[in-house]
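Hi,

Here is the structure I promised to pass on to you. Have a look at it first, and then read my notes below with the model open beside you.

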Amino acid sequence: MTEIEAELDRYLKRLFPLCRSITGEPNRETLRILQEIIPLTIHEVATGTVVYDWIIPDEWTIRDAWIADANGQRLVDFQVSNLHVMSYSESVDAVMGWEELQPHIHKHSDLPEAIPYRTSYYKRDWGFCVTHAQYAELKKQQGELTVVIDSELKPGSLSYGEILIPGQSSQEILLSCYICHPSMANDSLSGVLLTAFLARYIAELKDRHWSYRIVFVPETIGAIAYCALNEAAMKQIDIGLVITTVGGPGKFGYKNSFDPAHPINKVIKTVLIESDVDFITYPFDIHGSDERQYSSQGFGINVASIFKDKYYEYDYYHSSLDDLNFVSSKQVAETLSIYEGLIDKLEARRIFRRTNPYCEVMLSRHGLYQVGGGALWPKYGGRSELDLILWLLFLSDGKNDIRDIAAILQASSSELELLADKLVEKGALVPC
Amino acid sequence: MTEIEAELDRYLKRLFPLCRSITGEPNRETLRILQEIIPLTIHEVATGTVVYDWIIPDEWTIRDAWIADANGQRLVDFQVSNLHVMSYSESVDAVMGWEELQPHIHKHSDLPEAIPYRTSYYKRDWGFCVTHAQYAELKKQQGELTVVIDSELKPGSLSYGEILIPGQSSQEILLSCYICHPSMANDSLSGVLLTAFLARYIAELKDRHWSYRIVFVPETIGAIAYCALNEAAMKQIDIGLVITTVGGPGKFGYKNSFDPAHPINKVIKTVLIESDVDFITYPFDIHGSDERQYSSQGFGINVASIFKDKYYEYDYYHSSLDDLNFVSSKQVAETLSIYEGLIDKLEARRIFRRTNPYCEVMLSRHGLYQVGGGALWPKYGGRSELDLILWLLFLSDGKNDIRDIAAILQASSSELELLADKLVEKGALVPC
Amino acid sequence: MTEIEAELDRYLKRLFPLCRSITGEPNRETLRILQEIIPLTIHEVATGTVVYDWIIPDEWTIRDAWIADANGQRLVDFQVSNLHVMSYSESVDAVMGWEELQPHIHKHSDLPEAIPYRTSYYKRDWGFCVTHAQYAELKKQQGELTVVIDSELKPGSLSYGEILIPGQSSQEILLSCYICHPSMANDSLSGVLLTAFLARYIAELKDRHWSYRIVFVPETIGAIAYCALNEAAMKQIDIGLVITTVGGPGKFGYKNSFDPAHPINKVIKTVLIESDVDFITYPFDIHGSDERQYSSQGFGINVASIFKDKYYEYDYYHSSLDDLNFVSSKQVAETLSIYEGLIDKLEARRIFRRTNPYCEVMLSRHGLYQVGGGALWPKYGGRSELDLILWLLFLSDGKNDIRDIAAILQASSSELELLADKLVEKGALVPC
């Protein structure tokens, strides 16, 4: 196990047991643990706040829950798995027979061994989620059952984490993960941890070009609250990544952003190909995660995702089998490495424009022209530096990325970038 | 004969004999008869009014006209056919020989039996139109001929009919036909009657979506006057139909609007294909009818036409053989039914946009989300209602027609429309 | 030899010996001789003037220069060829041995017989350019060598010539050539003379449509100064031609402007094809001549060039062998004739728009409609005049060139142009 895998492993194990939801203390605890990795700021949005079409619901606290038989034996116990209680269940303390209880009991349709994952955030309800064996056991009980959910719904706040990492350019790239799932490892814990580690990677990048806006929000309501509270900033963003389900044992995959022609999709594909891994390409779909908010008409951010065992697609999705047997730190580290490669590629995207668009720059005045002519110019793959400089100045119009220009010129983009930096230094180009 | 055919037949017979022109009492009489079918408003534009590059000419009245031989025998007689007199002929009362008369006599180049149709609206002139037999008879006359046209050209007005049928959307569709032809049945009487019946059909549509601007104008000068008097409204219109030559025994056909990629052309083609009739496709041509005005650069309305024996194309065009033997109410009813299908298709075109473009709509708050999940959602052709709602909200950007969206989603457009209506009712979408 | 060839021949011989550079009296002398051909205005820009990123350098005067052996024998002599002195060499009067001299001696890498062409405008330096034989002779000298350059660098001005030839349209076409080369015939003398003769041709065109801005500038610094001093006018120009290397014995060729889809490229290709000559097509390249300035982002003029032995491509480029043995007046006259054909084609480009975009023009009111109908209309290649007039009015939207319209209608563009002129005269169209 590498050092990074070991570190990931420790955090997976610490964070897995917490009973996260869209609000609540375990969310704050999760964010506080992530602060050990990166200095994120924890924000609180008061319950009752209207965010676009939505209202932040009351904060949920769960202390304990069980179903006990006539002998007081716990047949279903929240202490065993927090998935046993439907998230946002209201408080119950009752004695009832199977017939009354049954509508509140949920089991997985396909996996007998699994406890399914259920929520009821906006409709007041309560429920237990059980294995098929537990279901049978409950059903066969003759006597009365004691049903307790020791929970509370009351005014409080929704918590989210945010870190803004500035770069040379004020243009931001959005990274978003969701912190609202209880004990499931691929969905969403793997994404939360990967995002924190990736944020640390970005923060350590020298000469970072782009700025990064990295958020840890409860899915949907948290992303919507974030958009509403940061509308102006979010409208300026062009590229986003929603990071989730990145630690499974299965194949890599990526989901295209809504505009298939947007460069982010091509860059991701290139990274995956260059990583020499098998991967599945998913078209954009309005179903998914918080791209539903970020890509809505008002924001129009091109949001893509890289997965390892994409949500919806793996058998253990939304069940207790999505655990630390299914997810390993090694698998998360593999996807982290792909994401780091993507950041490198995005950092390599550079867009420049002429400081003054009229006529040529006087190269010799800026020490860019070597009197004495052709033979003295350094050559880059068959083209002279002079040649590349002239083309760079001609094509840098504030829209062409340096890689597009490199493709046009059949030149190396890293060499072009060095030249562009030189031209920026000389005042001939301005980075965008 | 169906009821509608019988009704069309009665109107064809009543309207056929009237000696219509670009102005005059028979035009008003025609519009008054059409008022029995639909409540159109009759407007009068004073002669002498300047409309763009044109001036409304004096009003023309024709009472009688003939050419008689030395014995007083009428060789050519307006009472037999109003086509015998060139429209807008000035008054004549003279005795003359063949040589003097001959330049005023017009015969059909190809059809010996036919009286050709001639006009001279803007150049003061007079003339008679005759069959080849009449021409020979006149030519062989030795004695003087009495030539009488009892007509009058004097200040008055140009008359047109108009009916505005409002719909839920203020966006209008233009329907136009021309009322300036005397006793010819396919060109233009069939179009005038079809337009009136189609207007009635539209007026009776329940929950009509679009608004309709339906005009009965003399061709060219009437359409130009209409445009000049309604410039602001006409500039807002996107789609138009010029309805003419719709009652012949020959093939159906349609003429494309000037932009072949405009949806109106595809919709017409679909209607014709679905009607299972043979049809001819005509490209846009600047020759034609009042699309010359409506599609001019200043208005740019995409105007198309559906025909049954298109003008220019049938042998009897602009002759006395274009009569009620050539045109039957059955044939007009067939084309009417196609046009009704087209209106249905246009009504099915619906364009929506998000009320608030930021983030998702909270479906459950609007009763649009069924807690309990997947299995409970109604399915439409393999897609759940939730799926369609999410896509509809994402793609309704004020430009995509619901049919385009249906094509993208491979879904039924009528089902999508129901969902769109529901979303409008919930305040999530606004129809355009 | 034709009359025009004889005339070109006289000017080639008079202008060839002058020791032109980017500034100096020989440039003025060149412009004064060109004034015999066309009435160009000579402008002076003071040295030290800042033009965008550049500064006009001091004016250079060269009177004499030589390298003499110990016996006073001139081994290299400016009087024999002005190419022997590097342009902008500073003054020298020294006695030195070969080792000290050697860094200042330049020979051609490939052509032993040739004196290469060298300049050092912006870095203070001096140098001699010699044949391989001279180089060997200098090298073997044992004694001291006398090295004299009798030159002067001092405040003065940069000179350029300009002629504005107005046309019916205020839209200008740019013609540019460079006058900064000393005794070389193809580069750039042939281009300078051709431009002057072409200007005369244009000035004599009857009913000239476009306006022409024709400039004779020192390459780069002169073009940049011209752009800076005429920025507003230059930003309005769409089409330009840089005329150079047009008199070699080799193939014709043309270099595309930066937007390959711009009409200028197609028009040039058509002219070359119709001239029935072999030619080479060069893509746009940021290397080249003053298109580097005119096509820069701030101006964006689509500049193309027609060549006969393009710069860079012929062996004698930038050497004393590019002389009047290599270039003949016959060859220049051939390219002149191609350029005249191009001007004719550009003149034939005509763009019109409707005076009033609403509805049709009343043709009869303007004497454009012949009452009496079809048979009387003149026919042009199967289409009647009426037909062409209607289409012209419909399609003349201020963007479509009359040749584009002719292609759409499969009609003759010269006939269409006559009709367009008629419509302009009648007030229905306005030329752009």
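Start with helix H8 (residues 263–274) of chain A, which lies across four strands: E13 (239–242), E14 (252–255), E15 and E16 (302–308) of chain A. Helix H8 of chain A runs at about 20° to E16(A). One thing to keep in mind while you look around: this is a predicted model.

Those strands belong to an open sheet of eight strands in chain A, and the order across the sheet is E1-E10-E12-E11-E13-E16-E14-E15. The pairing in this sheet is mixed. In general, strands of a sheet pair through backbone hydrogen bonds, and they can do that either parallel or antiparallel. So which strands of chain A sit at the edges of the eight-stranded sheet? They are E1 (41–46) and E15 (279–282), and each of them pairs on one side only. If you ignore direction, neighbouring strands of this sheet are turned by 20° against each other on average.

Now find two strands in that sheet, E11 (residues 172–178) and E12 (residues 211–217) of chain A. They pair in the parallel sense over seven bridges, and Leu174(A) of the pair stands opposite Arg213(A) in E12(A). Helix H5 (residues 185–203) of chain A packs on the sheet here, touching E10 (157–165), E11 and E12 of chain A. The direction of helix H5 of chain A makes about 150° with that of E11(A).

Chain A has a smaller piece worth a look too. An open sheet of three strands has the order E20-E17-E21 in chain A, with antiparallel pairing. Strands E20 (397–401) and E21 (429–431) of chain A stand at the edges with a single partner strand each, so one side of each has no neighbour in the sheet. From one strand to the next, the twist averages 35°. Strand E17 (residues 351–354) of chain A pairs with E20(A) in the antiparallel sense over two bridges. In that pair, Arg353(A) stands opposite Asp397(A) in E20(A).

Next, jump to chain B and look at strand E11 (residues 172–178) there. Is E11 of chain B enclosed by the rest of the structure or left open, and why? Seven of its seven residues are buried, so E11(B) is largely enclosed by the rest of the structure. Glu172(B), Leu174(B), Ser176(B) and Tyr178(B) point one way from E11(B), while Ile173(B), Leu175(B) and Cys177(B) point the other way, and all are buried.

E11(B) has parallel partners that you can trace by eye. Seven bridges join E11(B) to strand E12 (residues 211–217) of chain B, with Tyr178(B) opposite Val217(B) in E12(B). Four bridges join E11(B) to strand E13 (residues 239–242) of chain B, with Ile173(B) opposite Ile239(B) in E13(B). Together with helix H5 (residues 185–203) of chain B, E11(B) and E12(B) make a right-handed β-α-β unit.

Then zoom out to see how the chains are arranged. A rotation of 120° with 0.0 Å of shift along its axis superposes chain C on chain A, with an RMSD of 0.1 Å. That is the relation of a three-fold axis. Chain B is also superposed on chain A by a rotation of 120° with 0.0 Å of shift along the axis, here with an RMSD of 0.0 Å. Which residue of chain B comes closest to the rotation axis? It is Ala261(B), with its C-alpha at 13 Å. For chain C, the closest residue to the axis is Ala261(C), at 13 Å (C-alpha).

Finally, the contacts between chains. Chain B gives 16 residues to its contact with chain A, and chain A gives 16 residues as well. On the chain B side, helix H11 (residues 385–395) gives the most, with four residues. That side divides into nine nonpolar, two polar and five charged residues.

For a close-up, go to Gln297(A), in the loop between helix H9 (291–294) and E16 of chain A. Gln297(A) is partly exposed, with 17 other C-beta atoms within 10 Å. Leaving out residues up to four places away in sequence, Gln297(A) touches Arg354(B), Pro357(B) and Asp397(B).

Chain C also meets chain A: 16 residues of chain C are in contact with 16 residues of chain A. Helix H6 (221–229) and helix H9 (291–294) of chain C are the elements that give two or more residues to this side. The chain C side divides into seven nonpolar, six polar and three charged residues.

Cheers

Conventions: Residues are numbered from 1 along each chain as its sequence is written. Chains are lettered from A and ligands numbered from 1 in the order in which they are written. This is a predicted model: local features need pLDDT of at least 70, side-chain atom pairs count only at pLDDT 80 or more; totals for chains, interfaces and linings use all residues. Two residues are in contact if their C-beta atoms, placed from the backbone, lie within 7 Å. Ala, Val, Leu, Ile, Met, Phe, Trp, Tyr, Cys and Pro count as nonpolar, Asp, Glu, Lys and Arg as charged, and the others, Gly among them, as polar. Copies are superposed by least squares on the C-alpha atoms of residues with pLDDT of at least 70 in both. Two strands pair if DSSP finds at least two bridges between them. Axes are lines fitted to C-alpha atoms, for helices over the stretch in contact, and angles run from 0 to 180 degrees between N-to-C directions. A residue is buried if 20 or more other C-beta atoms lie within 10 Å of its own, exposed if 12 or fewer, and partly exposed in between; C-beta atoms are placed from the backbone. A crossover is right-handed if, with the strands pointing away from the viewer, the path from the first strand over the helix to the second runs clockwise.
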